[in-house]
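This report introduces selected features of one protein model to a reader who has not met it before. Please keep the sequence and the structure at hand while reading.

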Amino acid sequence: MRHLALLFIVLLTVAQSATAQSARKPVRVGVVGLVHTHVHGIFRKAYKEAGQTDIEIVGIAEPDRQLAERYAKQYGFPMSLVYPTIEAMLDASKPETVTDFGKIINHLKTVQIAAPRGIHVMVEKPLAVSLDHARQMAKLVEKHKIQLLTNYETTWYGSNHRTYAMVFGDKAIGDVRKMVIHDGHQGPKEIGVTPEFLSWLTDPVENGAGALFDFGCYGANLATWFMNGERPMSVMAVTQQIKPNIYPKVDDEGTIIVTYPKAQAVIQASWNWPYSRKDMEVYGQTGSIMALNSAKMRVRLSEKEPEKMIEATQADAPASDSFAYLAKVIRGEVKQIDNLSSLPNNMIVMEILDAARQSAKTGRVITLK
């Protein structure tokens, strides 16, 4: 009996070890589209990060062969990974999840193809070009029981999560009364984005809007998070074409005011900043916290206390990057999807963006029913 017990323990240990090794195997990822240059992030992760076991790229869907060859030469992946359509890539490579780096208007198509196959999806921000598209995507998610994540660079900023912990965990500044969120850069053409990126980013149909959607989504995402998923009462937006000679079809400047019963969020999205920025100011009843970049923070807890600088770390964020987090989700290591990436948050983001676009067009405050 003793020998049988020892044998059972050995077998159990071996099984547990095998399970652990299986859990650490890279998640099989398919890449949909190469026209969004955020795709460099997943290629750097897969081909340049030594020893990473989070993801393995098993297929790429991109009809533009020359574009695919350019990335293949830069990162050293074989062209045998590249397929002309999403369907062909999914059928041949059998990924567990796909990441969409195509035009925003095509996010819906990706979900329409992937969801019935039970394949999880992560899209680059924003979730969709319209609230109608977002609602169609949400129905597919519910019907086919997949995960649909939206990736924002700011989700992986330790400073934003440290701010949230101080506001809601430590109660450091009282209830939130105002948020001011700045996002953007000098302009996509000015910073030298690729031609295939610029063409759809500056198209109101393929991107939804200009700076209003491109950078307004960050503020809507963070404001929804700090309002604990509460839908706003109203949205008002003003947009401008300060550089119509460069961006004749879309806005390059947008300001959105989002009102809640006891708070406001002012979202400043611009392709006219003198430098790139993604920062946030949170004002409470007694003090303020400003996340200046991914790590640095400026804190003033009361009128009597002096302002001080502190630093957050990457460990304050839910993962080191979006692909490490995606791997955790697919492996079942995440019990509840981080709010910033979640579908409920991003459905409200789309309500805000849709209302902002309507407000800018009509000059009216849009009340959300």
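Are helix 5 and helix 6 roughly parallel or roughly perpendicular to each other? The model is a predicted one, and in it the axes of helix 5 (residues 107–114) and helix 6 (residues 131–144) come within 10 Å and cross at roughly 15°. Angles under 35 degrees count as roughly parallel. Helix 5 and helix 6 are therefore roughly parallel to each other.

The crossing in which helix 5 passes helix 6 is left-handed. On the side of helix 5, the contact is formed by His107, Leu108, Val111 and Gln112; helix 6 contributes His133, Gln136, Met137 and Leu140. By class, the residues of this contact comprise four nonpolar and four polar residues, with no charged ones.

**Pocket and cavity**

The model also contains empty space, described here through its largest pocket and its largest cavity. The largest pocket holds about 400 Å³ of space. It is lined by 17 residues, of which His38, Gly41, Arg44, Asn151 and Phe323 are the closest to its centre. At least two lining residues come from each of helix 2 (39–47) and helix 12 (322–331), and helix 2 gives the largest share, four residues.

One cavity of 30 Å³ or more is counted. The largest cavity has a volume of about 40 Å³. Of its 13 lining residues, Asn160, Leu222, Lys278, Asp279 and Met280 are the closest to the centre. Helix 7 (158–169), strand 7 (176–184) and strand 11 (277–284) each provide at least two residues of this lining.

The table sets out the classes of residue in the two linings.

| Lining | Nonpolar | Polar | Charged |
|---|---|---|---|
| Largest pocket | four residues | eight residues | five residues |
| Largest cavity | five residues | five residues | three residues |

**Backbone features in two loops**

Two loops hold backbone features that deserve a separate note. In the loop between strand 5 (120–124) and helix 6 lies Pro126. The peptide bond that leads from Lys125 to Pro126 is cis, and its omega is near -15°.

Where is Lys94 placed? Lys94 belongs to the loop between helix 4 (86–93) and strand 4 (97–100). Its phi is near 50°, a positive value in a residue other than glycine.

Terms used: Residues numbered from 1 in each chain as written. Predicted model: local features only at pLDDT ≥ 70, side-chain atom pairs only at ≥ 80, totals over all residues. Heavy atoms only, no water. Axes fitted to C-alpha atoms, helices over the stretch in contact; angles between N-to-C directions. Parallel < 35°, antiparallel > 145°, perpendicular 65-115°, else oblique. Left-handed = near helix turned anticlockwise from the far one by under 90°. Contact = heavy atoms within 4.5 Å. Nonpolar A, V, L, I, M, F, W, Y, C, P; charged D, E, K, R; others polar. 1 Å grid on protein atoms, 1.4 Å probe; cavity = no way out; pocket = protein on both sides within 12 Å on 5 of 7 lines; lining within 4 Å. Points joined across faces, edges and corners; volume = space filled by probe spheres on them.
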